[in-house]
Amino acid sequence: MPRGDGRLTHDLDPHSPGPQDACGVFGVWAPGEEVAKLTYFGLYALQHRGQEAAGIAVSDGASVVVYKDLGLVSQVFDEATLGSLRGHLAVGHTRYSTTGASTWENAQPTFRTTDAGTGLALCHNGNLVNTAELASRAADAGVPGAFTSTTDSDLVTALIAARPDLSVEAAAMEVLPQLRGAFSFTFMDENTLYAARDPQGVRPLVLGRLERGWVVASETAALDIVGASVVREVEPGELIAVDENGLRSQHFAHSEPKGCVFEYVYLARPDTTIGGRGVHAARVEIGRRLAKEHPADADLVIPVPESGTPAAVGYAEASGIPYGLGLVKNSYVGRTFIQPSQTIRQLGIRLKLNPLRDVIRGKRLVVVDDSIVRGNTQRALIRMLREAGAIEVHVRISSPPVKWPCFYGIDFASRAELIANGLDIDGVRASINADSLGYVSEQGLIAATEQPVNRLCTACFTGEYPIPLAESELLGKHLLEGIERRAVTGWTGRQAGSAAVSGGADDALTRP
C-alpha cells in the first residue's frame, strides 16, 4: 500500500514551499527499556524536522534490525511493529531529502554489513558538500555496495563499513575527518551507540541521560518527551560512543563552531534549547528588536501562525500595540491523500489559513512572519487580509532577507527564486503589496540568540559560507542519481526516483 508523500510542512501554500527543515536524528542505549518505543516518541518530537520518511534500527546484541518507510512517524510505525523491534539500543530518523530523491531506498537509517560481519545502521541530519569527491574515492577503491541508494548518508555508511581491519569506532575515526559539510550522525552496531557532529556544529545534537541509559537527539525537546535529562551538547568534531562500559568521547577534528542561525528563526521547536538559549525566548526577543528597528503606526499585531507567533508577541510587547489572533490555521489540511480539484487548488493559502474578519475589519495591521522566500505566500496572505477588511498591512519579518541557498541541510529555493536576491526591500514590499515592510537586522537577530557572532552560520543572509563549497555542478540534490554523473569518476550513476523535481542546491549558484 503506497504511503503518503510526506508533505506535512509549515507551508501555507503547498505550491510555494518555504525553507524545508533539516532531518531529525535520535539514538538510545538503555538495557531494560523498550528502546524502539523511546525512539518512536523521540522521533515524534522531531517530526517537524522531516516528514518524507521515518525509520528505526534496533539491536538486541546479536543482530541489527531496520524498519523504515515513506510517510510520517505515526504512519510508518504501529504498536505491533514497535513490539517486534526488541533490543537494548536503537537509532531513528525522520527525513527531509537534501541529497537524493524521496524514495524508499533513500529512507534512513541506512544499513550495511561490514566485512567482519557486523551490522551498521546510520542516521544523518545535515548535508555534505564533498559528496562527489567521496563518491569518486569510493568508486576508485571498489567500496562494495557504495551506491545502492543515492544519498550522502548511505555513502558514509558504506565508507565506514568498508574497513574489515578496523572496528566501527576506529573506521569512523578515519572516515569522519574526510567529510566536509554539515553532519550530525547517530549510528550503531550490535553493541554500541555512536554520535558524531561536524567540526562546525552546523546542525544541533544533544546528549541526554536516562536512569538506565543514554540518549542523543537533534533537539532537547526530544529528550524531554522521553524523560531524559539534558547533559550537554555533542561538541563539534566529537565522536561519542556508549556501550556496556559506559560513555567515552574522542575528537576527530578541531572544533570551529558555526551553528545555524536559522534554527533560532524557524527550524527548531520553540521548546528547544540551543547553545543554552531557549528558542522561544530568542524568537520573542527578535520580535522586540524588530519593533524597535521597524516601528509601525497600527492598531493590531497579528502573527502568521505558528512560526510567526513568538516574534509577534515580542513586537506587540515592545511597541505597545495590542496583540491579537487574526488568522486561524488548519493544521491538518496539508496532510491529505486526496488531490484537490482545480477549483479548490486555486484557493491556495485558504486551505491552511482563514481570517477572523471581525478582528481584522477596519484595522491597521502589523503582520509578523519568520521569513520571505519567494514572496508568493505573503502576496496571497495580504490579498486575503485586505479582502477581509484590513485598511493597512505592515509586514515585519523576524529574519534578514534570505538571499542565498543553504548547502548544509536546509532545502531553500534556488537563488533565482529567492525574491530578496533580485529586489531591494521596497521592491519586495511592492511585489507583495504591503503598505510597509521591515526585516530584523542581522545584528538584531544575532543579539537575540545570545551567541557570539563568530560562532554562527549566516550564509543564507550573507553568502559567506563557513565550510568551503565544491564546484556548483557538484552540489546538486540529485548528484548521485546520474544527473551530474559526468563529475564522478569511475562511476556511471543510476536513476533512483524522479529527479525532474527541482530542489536543494541544484545550480543555485550559477543561476541568476
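This report covers the overall make-up of a predicted model, its nonpolar core, two annotated sites and one loop residue.

**Overall make-up**

The chain holds 17 helices and 23 strands. Of its 512 residues, 59% count as buried. Long-range contacts are plentiful in the count: among contacts between residues at least 6 apart in sequence, 71% join residues at least 24 apart. The accessible surface comes to about 19100 Å². Carbon and sulfur atoms account for 51% of that surface.

**The largest nonpolar core**

The largest nonpolar core has 46 residues. Phe-262, Val-301, Tyr-315, Val-366 and Tyr-408 touch the most other members. Several elements give two or more residues to this core. The helices are helix 8 (262–267), helix 9 (279–293), helix 10 (309–319), helix 16 (442–449) and helix 17 (459–462). The strands are strand 20 (364–369) and strand 23 (456–457). Domain 1 (24–258) and domain 2 (278–449) both contribute residues, so the core lies between them.

Val-301 shows how one of these members is placed. Setting aside residues up to four places away in sequence, Val-301 touches Ala-312, Tyr-315, Ala-316 and Ser-319. The same list includes Ile-321, Pro-322, Tyr-323 and Gly-324, along with Val-366 and Val-368.

Helix 16 has its own buried set: Gly-444, Leu-445, Ile-446, Ala-448 and Thr-449. These buried residues pack against helix 8, helix 9 and helix 17. They also pack against strand 16 (277–278) and strand 23. Glu-450 follows helix 16, and its phi is positive, near 60 degrees.

**The cysteine site**

An unreviewed UniProt entry annotates Cys-260, Cys-406, Cys-457 and Cys-460 as "binding site". The four span 201 residues in sequence, yet no two of their C-alpha atoms are more than 10.2 Å apart, so they gather at one spot. Cys-260, Cys-406, Cys-457 and Cys-460 are also in the lining of the largest cavity.

Two of these cysteines can be followed further. Cys-260 lies in strand 14 (residues 259–260). Cys-457 lies in strand 23. Cys-260 and Cys-457 touch each other. Beyond neighbours up to four places away in sequence, Cys-260 also touches Val-202, Arg-203 and Ile-410. On the same basis, contacts of Cys-457 include Lys-258, Gly-259, Val-261, Tyr-408 and Pro-466.

**The serine and aspartate site**

The unreviewed UniProt entry also places "binding site" at Ser-307, Asp-369 and Asp-370. These positions are spread over 64 residues of sequence but cluster in space, with a largest C-alpha distance of 6.8 Å. Asp-369 lies in strand 20. Apart from neighbours within four places in sequence, Asp-369 is in contact with Val-304, Ser-307 and Gly-308. Gln-378, Arg-396, Ile-397 and Ser-398 complete its contacts.

**An exposed loop residue**

Ala-141 is found in the loop between helix 4 (131–140) and helix 5 (152–161). Ala-141 and Leu-159 are 18 residues apart in sequence and 9.8 Å apart in space, C-alpha to C-alpha.

The table sets out relative accessible areas for Ala-141 and three annotated residues.

| Residue | Relative accessible area | State |
|---|---|---|
| Cys-260 | 9% | buried |
| Cys-457 | 8% | buried |
| Asp-369 | 6% | buried |
| Ala-141 | 58% | exposed |

Buried means under 20% and exposed over 50%, so Ala-141 at 58% falls in the exposed class.

Notes:
Residues are numbered from 1 along each chain as its sequence is written. This is a predicted model: local features need pLDDT of at least 70, side-chain atom pairs count only at pLDDT 80 or more; totals for chains, interfaces and linings use all residues. Side-chain values use heavy atoms; hydrogens and water are left out. A nonpolar core is a set of buried Ala, Val, Leu, Ile, Met, Phe, Trp, Tyr and Cys residues joined through side-chain atoms within 4.5 Å. Buried means under 20% relative accessible area, exposed over 50%, partly exposed in between (1.4 Å probe, protein chains only). Helices (H or I, at least four residues) and strands (E, at least two) are DSSP runs, numbered from the N terminus. Domain bounds come from an automatic or database domain assignment. Contact means heavy atoms within 4.5 Å. UniProt positions are given in the numbering used here, feature names are shortened, and annotations may be inferred rather than shown by experiment. On a 1 Å grid over the protein atoms alone, a cavity is a set of points where a 1.4 Å probe fits but cannot get out, and a pocket is an open set with protein on both sides within 12 Å along at least five of seven lines; lining residues have an atom within 4 Å of a point. Accessible areas come from the Shrake-Rupley method with a 1.4 Å probe; for residues, only the protein chains shown count as cover.
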